[in-house]
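Open the model in your viewer and keep the sequence panel beside it. The stops below say what to select next and what is there.

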Amino acid sequence: MSGVTKARALKAEKGFSLIEIVIVFFVSLLLIGGLFATLSSSRNTWHRADAQIMLQEELRRGMRQIVRDLRQSGTSQISLPDNGLNYTSVSFNVTDGVLSSGAVDWNSDEVFYNLSAGQVLRTQGADTRVIANKVGSANFSRSGRVVNVYLQCQTQTPSNQVYSANLNSSVVLRNE
Amino acid sequence: MRNNKGSILIAAYGVLFVLLIIGGMLFNRTVFEKKFYDRDQESQMAFGLAEAGVDKALSAMKSAYLSYAGTTSPVAVVGTGEYEAKVSDTNRDGSSLPTNFRRIVATGYIPSRAQPRVTRQIEAIVKKTLPNNFFDYALYTAEDLRFSGQNLAYDVEGKAIYANTPSGDLSDICYDNNDPPTPDDPTDDVCSSPEGSEPAVTHDPSISPLLRFVFSALRAVAASQSNPNTVNRNNIYTAEDLKKKRPFPSTFYYNENPANGPNVVYVEGAMALSGGDVVGGLFLVVGNVTENPEVAVDSTVGGNITIDGAIYTRGEFTLNGGGGELNITGGVWAGGDILVDGGGTVEYSREYMDAIASLINETGAAPAPQIVSWKENEDIEII
C-alpha cells in the first residue's frame, strides 16, 4: 500500500465520540456494580447458610451426647435440684447394672457437663472431651424426672455478622 | 469492537463460574447437612424401637416373668424398622443376676435387622421381688432420710430404712422390739441412739427403686369402695378432687370393719393435706400412672392432721410440722426423700401393716416387674 492510500484509510477510520465513551463507561460501571452486588449477596448467603448449618451440627452433636448420658442417670444421682431453676452445669452418675446384692451399681466416675470458654465439656473421671463448640449458653433444669437442656450457639461470619441458633430438649431420667 | 463484545462474554462467564462454585458449595453443604439430619432422625427412630422392645418384654413378663425369653424373631414396625428383645438371667459377662432379676436387651434396627443402617440398643435389668421386711418400717425411703428442725420436736416410733444417705438428728427414732423390759432397759425400746443395741435405722441400697405395686389392681379396689364422706363417689381422687379438697375417708378400715380390709385411696396427683384433717386408709400417691407413668409426685403433709393408715408415694414425702399436731399411725413408703421437719409423730402400726400386706397378697398387687437399671449400650451387642 502506498503512503497516499494509507493516509486515506486512516482518515476513513472513525473514533469514539466522548458521549459514547461516557455511556460505555456508565453502562460498564452499572454492570460491574451489579455483578459485585450479586457476588457479595451470594457470598453473604453462603456465609449465613454455612454458619447456620455449622451451628445446627454443633447443637445436635452436643445435645445427642448429653441426652444419651442423662437418660442413664436417676433422680437420686443427679446434682440438679427438683425446682425447675436453670443451672449452668450438671453432674450425675450413670448405671452400670446391678450388684450381687440387688442394689444398683452406679458408676463411681461422675459425669460432669459444663460450659467453658464457649465449649461444652464432658468430664468423666480423668477424661475430658469437648462435645460442642461456639456455645454461648448452656442451661440445665429439673422438674421431677424430667431434665430440660438448653443450648445456644453463636458464630460470627467474616463480614462480622453474628448468627445464633438454639436447641431445647427434655430428657426423662430412666432410672430412679 | 468485536474484541470488546467478546470480553463482556468472558466476564459474564467468569461471574457465572464464581456463582456456580458458590452455589455448588452451598448445595454440597446442604446435602451433607441433610444426611446428618437424616442420620439423626434414623437414630432417634432406632432408639424408639429399642424402647418398644423393652416395653414389649416388660408387658410379656407381667404374666410370664421367669419363662419369657424375648421375641423369637425381629418385630417389624410399619414405616420405621424392626426391634427385638432378648431376656436372660445373666449379666453381659455371663455371671448370674440376683434371684428374681432378669436382663432385657432390646435392639432397634433401621430399616431391618438383616440390613441395619442404624442400630440402637438398650439394656434394662428388671426385678420382681418383694423386699424383705417391706411392711416392717415406720419410714421407708428409696432415697434420703432427712430430719431437720428442732431436736426431739418430732417423734418416730418404729424402724426406719433408707437407700441413700441420712441427715439430721435421727436419735429420736425408737421402736419396741417386744422383748420383756429389763431393769437396765425398763421401756425396752430400741433407739438409734444413745447406745442402742439394735439399729433402729437401717441403710440398704437394694431397696431402691421403691417396690412398684401393680397399680391397676389397687386402683380397682379403690374404684369399688364407696366413700361415706362424699356422696356417690369412690376412693379415686383426681387432680380436680384434690383441688376442691374433696374429703378423704376418715378411717383406716373400709366401712370401719377390719374384715373389709383397708380403704384404698388412689390419689392421681400430688397430695397435700392441711388443717384439721383426720384421714384413713392406704394412700397411694402415684400420679397419673395410666396417662404418664413418668410423672413423679410428692406427698406433703402440713398442719393439724391425723393420718390413720399408711402412705405410699413414688415421690418425696415431706412432713412439715409448724405448731400443729401431726400424727401418722401406720407408716410411710417414699420413692424419693423422706423429710421430717418440725413437730410430728410417726407411729408404726403392725396391725395396719398386716392388713395392707393381706390386701396386697389377695389382690396380687405386688410385686410388679420393675426396671432397676436402665442403660444404653454404645458398643452394640447382637445376641
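**Chain A: confidence first**

Colour chain A by pLDDT. This is a predicted model, and chain A averages a pLDDT of 89, with 92% of its residues scoring at least 70. Two selections mark the extremes among the elements of chain A: helix α1 (residues 3-12) of chain A has the lowest mean pLDDT, 63, and strand β1 (residues 89-92) of chain A has the highest, 97.

**Chain A: overall layout**

Switch to a cartoon of chain A. It shows 2 helices and 9 strands, and along the sequence they run α-α-β-β-β-β-β-β-β-β-β.

Zoom out until the whole of chain A is in view. Along the principal axes, its C-alpha atoms fill a box of roughly 120 × 35 × 25 Å. The radius of gyration is 32 Å, whereas a compact globule of 176 residues would have one near 16 Å. Of the 176 residues in chain A, 27% are buried. Among the contacts in chain A with a separation of 6 or more, 51% join residues 24 or more positions apart.

**Helix α2 of chain A**

Select residues 18-71 of chain A. Helix α2 of chain A has 54 residues, and the distance from its first C-alpha to its last is 78 Å, close to the 80 Å expected at 1.5 Å a residue.

Now show side chains for the buried residues of α2(A): A:Ala51, A:Leu55, A:Glu58, A:Leu59, A:Gly62, A:Met63, A:Ile66 and A:Leu70. What lies over them? Strands of chain A are included in the cover, namely β1, β4 (111-116), β5 (119-124), β6 (127-132), β8 (146-156) and β9 (162-172).

Next pick A:Val27, which is also in helix α2 of chain A. Is A:Val27 buried or exposed? A:Val27 counts as exposed because it has 12 or fewer C-beta neighbours inside 10 Å, the number being 11. Draw a distance from A:Val27 to A:Thr95: these residues are 68 apart along the chain, and their C-alpha atoms are separated by 73 Å.

**Where the two chains meet**

Bring chain B into view and select the contact between the chains. Chain B contributes 33 residues and chain A contributes 31 residues. On the side of chain B that touches chain A, the elements giving two or more residues are α1 (2-63), β4 (116-127) and β23 (370-377) of chain B. Which of these gives the most? It is α1(B), with 10 residues. Colour this side of chain B by residue class: 18 residues are nonpolar, 7 polar and 8 charged.

**Chain B: overall layout**

Show chain B alone as a cartoon. Chain B has 4 helices and 23 strands. Buried residues account for 40% of its 383 residues. Of the contacts in chain B with a separation of 6 or more, 54% are between residues 24 or more positions apart.

**Two exposed residues of chain B**

Go to B:Ser63, which is in helix α1 of chain B. B:Ser63 counts as exposed, with 8 C-beta neighbours inside 10 Å. B:Pro262 is 199 residues away along the chain, and the C-alpha atoms of B:Ser63 and B:Pro262 are separated by 27 Å.

Then move to B:Thr90, in the loop between β2 (81-88) and β3 (101-111) of chain B. B:Thr90 has 12 C-beta neighbours inside 10 Å and so counts as exposed. Leaving out residues up to four places away in sequence, B:Thr90 touches B:Ser95, B:Ser96, B:Leu97 and B:Arg103. A distance drawn between the C-alpha atoms of B:Thr90 and B:Val54 reads 17 Å, for residues 36 apart along the chain.

**Helix α4 of chain B**

For the last stop, select residues 350-363 of chain B. Helix α4 of chain B has 14 residues, which should span 20 Å at 1.5 Å a residue, and its end C-alpha atoms are indeed 20 Å apart.

Look down the helix axis. The buried residues of α4(B) are B:Tyr352, B:Met353, B:Ala355, B:Ile356, B:Leu359 and B:Ile360. They lie on the same side of α4(B), because they cover an arc of only 160 degrees around the axis. Turn to the other side of α4(B) to find B:Glu351, B:Asp354, B:Asn361 and B:Glu362, which are exposed.

Finish just past the helix: B:Gly364 follows α4(B) and has a positive phi, near 65 degrees.

Definitions and conventions
Residues numbered from 1 in each chain as written. Chains lettered and ligands numbered in written order. Rg over C-alpha atoms; globule rule 2.2 N^0.38 Å. Buried ≥ 20, exposed ≤ 12 C-beta atoms within 10 Å, placed from the backbone. Contact = placed C-beta atoms within 7 Å. Nonpolar A, V, L, I, M, F, W, Y, C, P; charged D, E, K, R; others polar. pLDDT = per-residue confidence, 0-100. Expected span 1.5 Å × (residues − 1). Arc of directions from axis to C-beta.
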